[in-house]
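Subject: Structure for your review

Dear colleague,

Please find below the sequence and structure that I am handing over to you. My findings follow directly after them.

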Amino acid sequence: LSLVNHWVIRYSATLNHIVEYDHSAADQLKELFKYFIKQYENNPTVFKALAEFWSLAGRDVEFRDKFDKVYSEFLSLIERIVVKGLKDKEFKKVDTKIAAVSIMVNIESAIWFTLFENHGITPTEYMETIAEFILAGLKK
């Protein structure tokens, strides 16, 4: 549990700062993806650890509850960006919760690159492409 606390402390300030910017929702999502691309390039083991965390969450109720709180905060942060995009009429009308989960799952799918052969696709190329797909689906 202390490792989860460490992650929260280490990443929360940076992630919350991305949402505080007085930038468009699309720019905030781009910054969010850039942050995780940079994180992957600097230390891909962080993503590999997520696979272990997921496994542990399936076996330990206390860990799962703690980790669920972390995910809830991350989803809330992403949803705030989507809500801003709707409010500013930058994004199409979408279910903000589904959009937030979709964005989160796509960011975390970088785990695949830590576990398997990349088949000629770099994690950066993948994340940049996914970000473009998501933004194309959200923008009016």
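The protein chain exposes about 8,300 Å², of which carbon and sulfur atoms supply 57%. Please note that this is a predicted model. Of the 140 residues of the protein chain, 38% count as buried.

As to secondary structure, the protein chain has seven helices and zero strands. Read from the N terminus on, its elements therefore run α-α-α-α-α-α-α, given that helices and strands are taken as DSSP runs. Contacts between residues at least 6 apart in sequence join, in 68% of cases, residues at least 24 apart.

Helix 4 and its partners

Helix 4 takes part in two of the contacts described here, with helix 5 and with helix 2.

The axes of helix 4 and helix 5 come within 8 Å of each other and cross at roughly 120 degrees. Helix 4 is therefore oblique to helix 5. Their crossing is right-handed. On the side of helix 4, the residues that meet helix 5 are Y71, F74, L75, I78, E79, V82, V83 and L86. Helix 5 contributes T96, K97, A99, A100, V101, I103, M104, I107 and E108. By class, this contact of helix 4 with helix 5 has 13 nonpolar, one polar and three charged residues.

Helix 2 covers residues 25-42, and its axis also comes within 8 Å of that of helix 4, with a crossing angle of roughly 150 degrees. Because of this angle, helix 2 is roughly antiparallel to helix 4. From helix 2, the residues in contact are A25, Q28, L29, L32 and F36, and from helix 4 they are F74, L77, I78, I81, K84 and G85. Eight of the residues in the contact of helix 2 with helix 4 are nonpolar, two are polar and one is charged. F74 and I78 appear in the contact with helix 5 and also in the contact with helix 2.

Individual residues

L86 lies in helix 4. With a relative accessibility of 24%, L86 counts as partly exposed. Leaving aside neighbours within four places in sequence, L86 is in contact with F91, K92, K93, V94 and T96. L86 and K139 are 53 residues apart in sequence, while their C-alpha atoms are 9.4 Å apart in space.

E132 is placed in helix 7 and counts as exposed, at 56% relative accessibility. Between E132 and L29 there are 10.0 Å in space, C-alpha to C-alpha, and the two are 103 residues apart in sequence. L29 is one of the helix 2 residues in the contact with helix 4.

Backbone points in the loops

Most residues other than glycine have a negative phi. Two residues call for a remark in this respect.

K89 is not a glycine, yet it has a positive phi of about 60 degrees. K89 lies in the loop between helix 4 (61-87) and helix 5 (96-108). K89 is exposed, because its relative accessible area is 60% and the cut-off is over 50%.

H119, a residue other than glycine, likewise has a positive phi, near 55 degrees. The loop that holds H119 runs between helix 6 (111-115) and helix 7 (123-138). With a relative accessible area of 61%, H119 is exposed.

Yours sincerely

Note on methods. Residues are numbered from 1 along each chain as its sequence is written. This is a predicted model: local features need pLDDT of at least 70, side-chain atom pairs count only at pLDDT 80 or more; totals for chains, interfaces and linings use all residues. Side-chain values use heavy atoms; hydrogens and water are left out. Helices (H or I, at least four residues) and strands (E, at least two) are DSSP runs, numbered from the N terminus. Buried means under 20% relative accessible area, exposed over 50%, partly exposed in between (1.4 Å probe, protein chains only). Contact means heavy atoms within 4.5 Å. Accessible areas come from the Shrake-Rupley method with a 1.4 Å probe; for residues, only the protein chains shown count as cover. Axes are lines fitted to C-alpha atoms, for helices over the stretch in contact, and angles run from 0 to 180 degrees between N-to-C directions. Angles under 35 degrees count as roughly parallel, over 145 as roughly antiparallel, 65 to 115 as roughly perpendicular and the rest as oblique. A crossing is left-handed if the near helix is turned anticlockwise from the far one by less than a right angle, and right-handed if clockwise. Ala, Val, Leu, Ile, Met, Phe, Trp, Tyr, Cys and Pro count as nonpolar, Asp, Glu, Lys and Arg as charged, and the others, Gly among them, as polar.
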